[in-house]
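Please keep the sequence and the structure side by side while reading, and pause at each residue or element that is named.

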Amino acid sequence: MSDPDIIIPTVIMKVGSWLMQATVVLVVLALIYEYLFGRKIKDIRNKHVVVTGGSSGIGKCMAIIAAKKGANVTIIARNEQNLEKAKEEILQACENRNTQRVECLSLNIGMDYSTVEKALTDLEKVMGPIYMLVNCAGLAIAGKIEDTTPENLDEMVRTNFLGTYYCIKAVTPRMKDSKEGVIVLMSSQAGLLGIFGYTAYSATKFALRGLAESLEMELQPYNISVTLSLPPDTDTPGFAVEELSKPMETKVISQTVKLVQPEVVAEKTFKDALARHFFSTVGWEGFIMVTLCAGMSQVTSLCELIAQAWLMGVLRLIGVFYRSFFERAIKKCNN
């Protein structure tokens with residue numbers, strides 16, 4: 001055996017070993033740095049937190065967490081009866097029921113901007129300036145593109161995208177004036193990956209990614225943080241309705257991910273938002289997708305950056321494996 005046949009593999013092994021050791025050291029140092037100097041969790045006690053889609057599901061869970069942390073809370077949704085029921089639950093969760101306030105507002109946030117702006121301006125006169133806006137209002141109507149009606153498309157665009165955009169646009173000037181605030185956008189894992197049967201839904205959730213990244217750049221100089229939450233399928237009333245419209249192919253693909261409880265998503269999202277993290281995910285699949293799709297998004301953690309730089313190539317291979325499984329499942333459904 002010639003010398004190059006021995007030297008080259010040896011050098012490759014040594015370089016690989018050195019890189020692994022260097023990565024471990026970097027991660028350890030990053031963890032130590034973040035523990036000592038990392039971003040402090042924001043305190044929302046006595047602050048005004050507004051949650052759209054707050055009468056059920058993830059939104060209601062977010063509102064309950066805010067109440068437990070001592071915030072004054074306003075929930076927004078359309079159904080007045082559901083709002084009143086949710087309001088009572090949130091009141092029960094308050095850290096101090098003698099001082100905290102909980103209100104509800106019936107509003108169609110996707111109808112038109114002037115209505116949303118007036119409603120939120122009037123709300124601030126009563127409840128105080130909005131410190132944290134959590135945009136949870138949304139819906140999913142699954143279906144192939146030829147089966148999606150213009151009415152269903154319009155409803156998803158208005159609720160998922162325009163409603164979120166309108167609410168943020170309405171509160172941003174006053175947040176800028178006070179030079180503080182937290183904005184949360186509730187997207188979906190389907191906002192990073194197009195999935196069979198979600199041609200309309202994914203499009204509206206992908207739009208929130210672009211909105212969040214642009215917004216983060218605009219608001220960073222004003223001490224306003226932006227968090228994009230990307231939950232998997234979550235066990236909410238909205239998910240139960242969504243199941244009724246899912247094509248068989250979409251159901252098969254969805255079965256690859258475990259259904260998550262809304263409390264888990266809300267707890268993680270709230271924690272990430274108060275820590276000023278840009279992305280918020282739940283589970284291994286969420287970690288894979290955010291790492292693969294990080295692009296040029298804001299870096300809010302040194303550990304996050306190291307993981308993305310080191311693992312992106314390997315996770316790309318895992319992503320291709322998932323994709324091939326989806327394609328086989330689709331073909332099987334059509335046989």
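Which residues does Asn160 touch, not counting residues up to four places away in sequence? In this predicted model, the residues that Asn160 touches are Ala137, Gly138, Leu139, Tyr201, Thr204, Lys205 and Leu208. Asn160 itself is found in helix α5, which covers residues 150–178, and because its relative accessibility is 0%, Asn160 counts as buried. One of the residues in that list, Leu139, offers its backbone nitrogen to the picture, for the side chain of Asn160 reaches that nitrogen at 2.8 Å.

From this one residue we can step back to the whole protein, which has 11 helices and 7 strands and in which buried residues make up 47% of the 335 residues. Among contacts between residues at least 6 apart in sequence, 74% join residues at least 24 apart. The accessible surface of the protein comes to about 17400 Å², and 61% of that surface belongs to carbon and sulfur atoms.

Another helix to look at is α9, which runs over residues 262–274 and has 13 residues. From its first C-alpha to its last, α9 reaches 18 Å, close to the 18 Å expected at 1.5 Å a residue. Its buried residues are Pro262, Val265, Ala266, Thr269, Phe270, Asp272, Ala273 and Leu274. A general point about helices helps in reading such a list: an α-helix has 3.6 residues a turn, so residues three or four places apart point the same way. The buried residues of α9 pack against the helix α2 (57–68) and against the strands β4 (130–135), β5 (181–186), β6 (224–229) and β7 (279–280). After α9 comes Arg276, whose phi is positive, near 65°.

The cysteines deserve a separate look. A disulfide is a covalent bond between the sulfur atoms of two cysteines, and a search of the whole structure finds 0 disulfides. Why does Cys136 not form such a bond with Cys61? The closest cysteine sulfur to that of Cys136 is in Cys61, and because the two are 9.3 Å apart, they are too far from each other for a bond. Cys136 is buried, with a relative accessible area of 14%, whereas Cys104, at 21% relative accessibility, counts as partly exposed.

Finally, a record can be set beside the model: an unreviewed UniProt entry places the feature "coiled-coil region" at residues 76–103. Over residues 76–103 the chain in the model is 50% helix and 14% strand, and the C-alpha atoms at the two ends are 9 Å apart.

Key: Residues numbered from 1 in each chain as written. Predicted model: local features only at pLDDT ≥ 70, side-chain atom pairs only at ≥ 80, totals over all residues. Heavy atoms only, no water. Disulfide = S-S within 2.5 Å. Buried < 20%, exposed > 50% of the residue type's maximum accessible area, 1.4 Å probe, protein only. UniProt positions renumbered as here; feature names shortened; annotations may be inferred. Helix = DSSP H or I, 4+ residues; strand = E, 2+ residues; numbered from the N terminus. Polar contact = N/O pair within 3.5 Å; in protein donor to acceptor, adjacent residues only side chain to side chain. Contact = heavy atoms within 4.5 Å. Areas by Shrake-Rupley, 256 points an atom, 1.4 Å probe, with all protein chains shown as cover. Expected span 1.5 Å × (residues − 1).
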